[in-house]
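Reader: Hi! I am new to reading protein models, and I would love a close look at a single part of this one. Could you walk me through it slowly?

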Amino acid sequence: MNREAVVAEALALLDEAGLDAVSTRRLAARLNVEQPSLYWHFRTKKDLLAAMAQAAMEPHAAEPLPLPGDDWREWFLANTRSFRRTLLLRRDGARLHAGSTPAGDLERIRHKMEFLVASGVPERDAQMAMLAAGRYTVGCVLEEQASGGDGPQDGDGESDGLPGFDEEAAFEAGLALMVDGLARAAGVRG
């Protein structure tokens, strides 16, 4: 048993039973080990959840970084959409991610910020836009997953009792407002 195997089994438990069912006791039983064995790899449940959150974000972390000359708006939209897709890959993905610290992703975040600033977005606006987009996305996915949706849209096209409500369309509308507002506030073109 190694750290990666523990995280993989914890993510499998998450997908099967949800975040509330993830416990070191249940995880140890699934791995056929004694519960204290898990503490060799993770001192606390919080440490385990942080490792799970980082592993769950791997599809988003594998996305290409922006290159000089890329359109900042298109990149910002694609980056935020990738984040949403990744959160939706896991049952309770938004709950798992909420409050986690992107420890392994700091260099990528720095690169993304530098790209926005080099594209003409003032540094403070770029920081706030990245933070707002992340929180907006987590909030949207949290609502979507809490409503029992099975992906971008409920199977019956309803959410919260609104006929024809489309989670993905609502997300896209809010995202477009955010990008347009950032462009206006920062006076950035392109």
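Reader: Which residues form one aromatic cluster?

Author: Happy to take you there! Please keep in mind that this is a predicted model. The cluster is made up of Trp75, Phe76 and Phe115. Let us look at its members and then at the helices around them.

A pair of aromatic rings is described by the distance of the centres and the angle of the planes. The structure holds three aromatic pairs. In one of them, the ring centres of Trp75 and Phe76 lie 6.4 Å apart and the planes meet at 70°, so this pair is edge-to-face. An angle over 60 degrees is what earns that name. Trp75 also pairs with Phe115, again edge-to-face, with 5.5 Å from centre to centre and 70° between the planes. This second pair links distant parts of the chain: Trp75 belongs to helix α6 (residues 72–88), Phe115 belongs to helix α8 (residues 106–118), and 40 residues separate the two.

Are these three side chains buried or exposed? A residue counts as buried when its relative accessible area is under 20%. Trp75 is buried because its relative accessibility is 8%. Phe76 has 0% relative accessibility, so Phe76 is buried. Phe115, with a relative accessible area of 6%, is buried as well.

Now follow helix α6 away from the cluster. Side chains of opposite charge can pair when their charged atoms come close. Arg81 and Glu172 give you an example, since their side chains meet in a salt bridge of 2.8 Å, N to O. Glu172 lies in helix α10 (residues 167–186) and Arg81 in helix α6, so this salt bridge ties together parts that are 91 residues apart in sequence. Glu172 has 23% relative accessibility and therefore counts as partly exposed. Arg81 is partly exposed too, because its relative accessible area is 28%. Another contact to find in your viewer is that of Arg84, whose charged end sits over the ring of Phe171, 5.1 Å from the ring centre.

Next, go back to helix α8, the helix of Phe115. Here Arg110 and Glu107 form a salt bridge, and their closest N and O atoms are 2.7 Å apart. Arg110 and Glu107 are three residues apart in helix α8, so about one helical turn separates them. Arg110 counts as partly exposed because its relative accessibility is 43%. Glu107 reaches 55% relative accessibility, so Glu107 counts as exposed.

The salt bridges you have just met are among the eight that a search of the whole structure finds. One more is worth a visit: Arg30 forms a salt bridge with Glu9, with 2.7 Å between the closest N and O atoms. Arg30 sits in helix α2 (residues 24–31) and Glu9 in helix α1 (residues 3–17), 21 residues apart, and the pair links these distant parts of the chain. Arg30 is partly exposed because its relative accessibility is 29%, and Glu9 is partly exposed because its relative accessible area is 23%. Glu9 and Arg30 are also linked with Glu16 in a network of salt bridges.

To come back to where you started, look once more at Trp75: this buried residue pairs edge-to-face with Phe115 and belongs to one aromatic cluster with Phe76 and Phe115.

How values were computed
Residues are numbered from 1 along each chain as its sequence is written. This is a predicted model: local features need pLDDT of at least 70, side-chain atom pairs count only at pLDDT 80 or more; totals for chains, interfaces and linings use all residues. Side-chain values use heavy atoms; hydrogens and water are left out. Rings of Phe, Tyr and Trp (its six-membered ring) pair if their centres lie within 6.5 Å; planes under 30 degrees apart count as stacked, over 60 as edge-to-face and the rest as tilted. Buried means under 20% relative accessible area, exposed over 50%, partly exposed in between (1.4 Å probe, protein chains only). Helices (H or I, at least four residues) and strands (E, at least two) are DSSP runs, numbered from the N terminus. A charge sits over a ring if NZ of Lys or CZ of Arg is within 6 Å of the ring centre and within 35 degrees of the ring normal. A salt bridge is a side-chain nitrogen of Lys or Arg within 4 Å of a carboxyl oxygen of Asp or Glu.
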